[in-house]
Structures are given as C-alpha cells and as structure tokens.
Amino acid sequence: PTSLHPRSSEDLRHLARACLQRCGVAIDTSARSTVTARTPVTGDELFDIPAADAAAVGAAVQAAHEAFLRWRTVPAPERGRLVKRFGELVELHRHDLAELIMIEVGKIRSEALGEVQEMIDVCDFAVGLSRRLEGRTMPSERPGHRLMETWHPLGVVAVISAFNFPAAVWAWNAAIALVCGDTVVWKPSPMTSLTALACSALLERAAAECDMPSEINRLVICDVPAAGILLDSPLVPLVSATGSERMGAEIAPRIARRFGRSILELGGNNAAVVAPSADLDLAVRGIAFAAVGTAGQRCTTMRRVIAHESVVDELVERLDAAYAKLVVGDPFDEATLVGPLIDGTAFGAMRRAVDRAVRDGGTVVTGGTRVDREGAPQAYYARPAIVRMPGQSDIVRQETFAPLLYVMTYDSFEEAVRLHNAVPQGLSSSIFTLDQREAESFLAADGSDCGIVNVNIGTSGAEIGGAFGGEKSTGGGRESGSDAWRGYMRRATNTINYSSALPLAQGVAFV
Ligand code: UN1
C-alpha cells in the first residue's frame, strides 16, 4: 500500500506532502497566518499551513449559508449522488487518508484504515438515507383533514471535531448533513489539519464532478476565538461538537443563549462488567482492544473494568499477560499495536492519574511508564497501564485520555450496576456474561445508563449503522446511523383541509 516506510520526520514530511498532493490539496505558502502541522510519531513539526482568522470564518459561514439557500432545493437523492461520489473518492484515496491519520494521530495502519472505512460506510448509509428522509402521517381528529409531518433542511451545520478521529467524525456529520440538505463549516482540531485538508479536497472534487457548489463544505482551520463565530452566528442553526466535557460546558450554554441547537459528543468513562459466567477468552480480547486501541484515545475507550470477585484475579492475570505482549512503538511498524500519545500533555495527564490512583490506594499491575524513542524527545510513547483500585475514587470518575484501565470488583449484580453508573459520563458500556438474566438486566431501564450498551464485546468500535452518542456529561447528542439524521433537519407539522367546512380542533366554536 505504500512505497515508503517512514522513519524520520523528513520521511513523514515527504509522505504527508505526497498524500496531500494526491488528494488534490495545494498548500498556499504565501498565507500570513499559519498553523504548524506536527506528528506525534517523532514529536516534530512538519510544515506550516494557512489558518483562517475571524473574518475568514465569518466569510465561510456566509458562503455556506448562501450555498444552503440553493442546496436545500436540490432533491435529496441528487444530494445523495454527491455523497456517493465522495465515498468513492475516499475509497480511491483510502491509503492516502490513512497515512495522513497515521502521521498526525499516530494510529497504527489497521486502525487508520478502519477510520477511513467508517467514512465510506457512513457515505453508503447517507446515500440510502437520501431516498428515505421520511415523515409520518397521523389521523386528523377533523373530517376532511389530513395531518402529516415534513422534514426540511436546517441550514449551516458547524462541525467541530477532535484530533482522535480526524476524518470519520466529520464524515459522520457531513455525509448525513449534506443529504439532509444542510451545508457544513468544519473546524477540525488544529492537531489534525492535514487530514482535514485532504478530506475537504476530496469532497470539493466530488462537488465539482457532480456540478454542485463547492461551498457546501467550508474548512476553517482556526484558533478558539475565531471559532467563536460558529457558536454565535445566527446563520448556524446547529453545532455538532466532539471534545472534552469542559469544552461542552463552555459552548453548550453559549449556543443555547441564541436558541441554536447542538449535538455534543463529550467525554466517556466507559466500563465493562465482567460477570462470574463470562467467557474470559472473549473478555480479555474485548477489554484489551477497547482499553489500548488507538493508544486509549477514543471517546469509547474502556477506562474501567468492574469484575466479579470470583473472576477478577484470573482476569487481571490474563490481561497482564496480554499487555506484556503489546508492541508499543512506531505506528508504521507492522508489529506495533500501540502508537504514541498525541503529545506530552497527554502523557503528563496519564502519569498524574496513575500517581493519584496509587495515592488513593490503587496498585499498578502494569504500565504507565514512558517508552523512549531514540532521537525523538518530543514523542510520547507509553506502556498501557492497568491499575487495581479498592474503590471508585475521584480520579476513576474522570476521563483521562490515555491507555489507563482501572479494575474494581463487585459482589452483587446490583452493586456492579451501581458502580457502573456512578460516574458523570454516559457514553459506552458493556457486560461480559453468559447469563441471560444479567445481560438483559444490564440492557434494561434500570441497567446501564449509557447511550451504547453492549453484550460480550468491548465498549469501542461502534458501527455507523447505529446512533452514536451518550448521556449525562457525554452531552446527549446522537450522530451517524439510525434516525440521528433527524437532528440535522427541521420538522414541519402540516394540517391540510380538503373539505369545504372549517371545523376547529378540540371542538372549539368560533364565528
Ligand atoms: C471517538 O472516539 O470520538 O466507536 C469516536 C468507536 C468509533 C468512533 C469513536 N467508531 O470507537
């Protein structure tokens, strides 16, 4: 798939430029204000790319709004044609996008390709959806009347995405928004601008090939103050944002103040309950992937295990053995399973969390230490950590965005559910059990309080066909599949009178 096997920052620079070029990105080197692309693989800077100032963000919103005024009347299946072409181009450039993700996020190839696959999948989903944005009809209480609802495009959708899924999260939002007749302004994480440039260029090419306006998607690589325009502009009816709980708490009231809508995907503190009957082979593999995949930097990453007292020792022993085999290192090495953390701040947070957990009475089973990469002092590789905890202390109740797994124990099933739900976040959850009563109870109204509840698989790696998102401090938003599209449209309720009388609802008599 690649002719290059990068090692040095110079190799990565070269590869990034080649991928960008193949995706049709021309970097304007004359720009006044810039951001610097960087790679966590070596910790070095790559090169500068142009950044948008507040005026440019305002102009992008205006352009996307004007495009929306035309786009909303393009028939939905026609809009689907554009998304279909975009999906084909993503498929064609699958390796270019994956390599940019490897360079900018440090994902291993298989996971980077998986992220690109998620983009292709959501395009497929959106294309089908473009022929079925269906509304309901309801019986009217009045004779000769009909009651129905129609779903209309909403307007400009601002997509604010995080570094960890630099392409797929935008694609979930953009593919659905576009078939819904919305246009998009995308503010990516400044850490993953190159991937954003490549994705946007491919969508722009799809638009040109389909004879559709390129302003249906505007990329704004900008700082936080400039992005404020997306939060405050009345031309942006919906902001779909992925990031920290802190970010969500700042932006949600600001958007609400102008009665804008938001779809929030914030922190997760995802757990697995491991019951006495669990198939431990499955549990060990499921937990290991969910806890250390993407170096623990998914919002769905498993951060807690709540294991029954009768299985905890064997489980921890087997997890320890599985962790010992994990190759931590350069994501371009085929053998690597755990790439770098995004930066030194992330590693610092992991270290502090481990130390705090130990002060709270925890015991480190494995990991938590830095793995040095020779000649790359700014690259932060870490051995994934497992810490056994006597209880769910404050640090366990927080999301630390790193491969750090806390293991606690339970005695009764009720206690497991109670512990499970006693965190602020509510994104993803799972139970490993062969006991149907327990599985069903975990899925029930008084079971897991998360937006995603799994049985006998881990917490991460959701398919695009379902609605993705979570409750409580995770923010309540839903993206991607199922009927999440409704969040990207406005609903009109229509009453049509086809009689020659004018009966009033609720039997009201008037003139
Ligand atoms: C995220 O980490 O922001 O379920 C998204 C998963 C992926 C998406 C994660 N499909 O792990």
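These notebook entries record what I looked up in a predicted model.

**Entry 1. Ground rules.** I number residues from 1 along each chain as its sequence is written. Because the model is predicted, I accept local features only at pLDDT of at least 70 and side-chain atom pairs only at pLDDT 80 or more, while totals for chains, interfaces and linings use all residues.

**Entry 2. The whole chain.** I found 15 helices and 23 strands in the chain; both are DSSP runs numbered from the N terminus, helices being H or I of at least four residues and strands E of at least two. The C-alpha trace spans about 80 × 60 × 40 Å along its principal axes. I then looked up the radius of gyration, which is taken over C-alpha atoms, the globule rule being 2.2 Å times the number of residues to the power 0.38. For 511 residues a compact globule would have a value near 24 Å, and the chain agrees, with 24 Å.

**Entry 3. The ligand.** I listed the residues around the ligand, a residue being near if its C-beta atom, placed from the backbone, lies within 6 Å. Among them are Glu-118, Asn-164, Phe-165, Arg-298, Cys-299 and Ser-460. By class, the shell holds four nonpolar, five polar and two charged residues. Here Ala, Val, Leu, Ile, Met, Phe, Trp, Tyr, Cys and Pro count as nonpolar, Asp, Glu, Lys and Arg as charged, and the others, Gly among them, as polar.

**Entry 4. H3 and H5.** I noted that the axes of H3 (residues 76-92) and H5 (residues 109-129) come within 9 Å and cross at roughly 160°. Axes are lines fitted to C-alpha atoms, for helices over the stretch in contact, and angles run from 0 to 180 degrees between N-to-C directions. The two helices are therefore roughly antiparallel (over 145 degrees; under 35 is roughly parallel, 65 to 115 roughly perpendicular and the rest oblique). The contact (C-beta atoms, placed from the backbone, within 7 Å) includes Gly-80 and Val-83 of H3 and Val-116 and Met-119 of H5. I counted nine nonpolar, two polar and three charged residues in this contact of H3 with H5.

**Entry 5. H1 and H7.** The axes of H1 (residues 9-22) and H7 (residues 193-209) come within 9 Å and cross at roughly 20°. H1 is thus roughly parallel to H7. Ala-16, Cys-19 and Leu-20 of H1 meet Leu-194, Leu-197 and Ala-198 of H7. I found six nonpolar, no polar and no charged residues in this contact of H1 with H7.

Definitions and conventions: Two residues are in contact if their C-beta atoms, placed from the backbone, lie within 7 Å.
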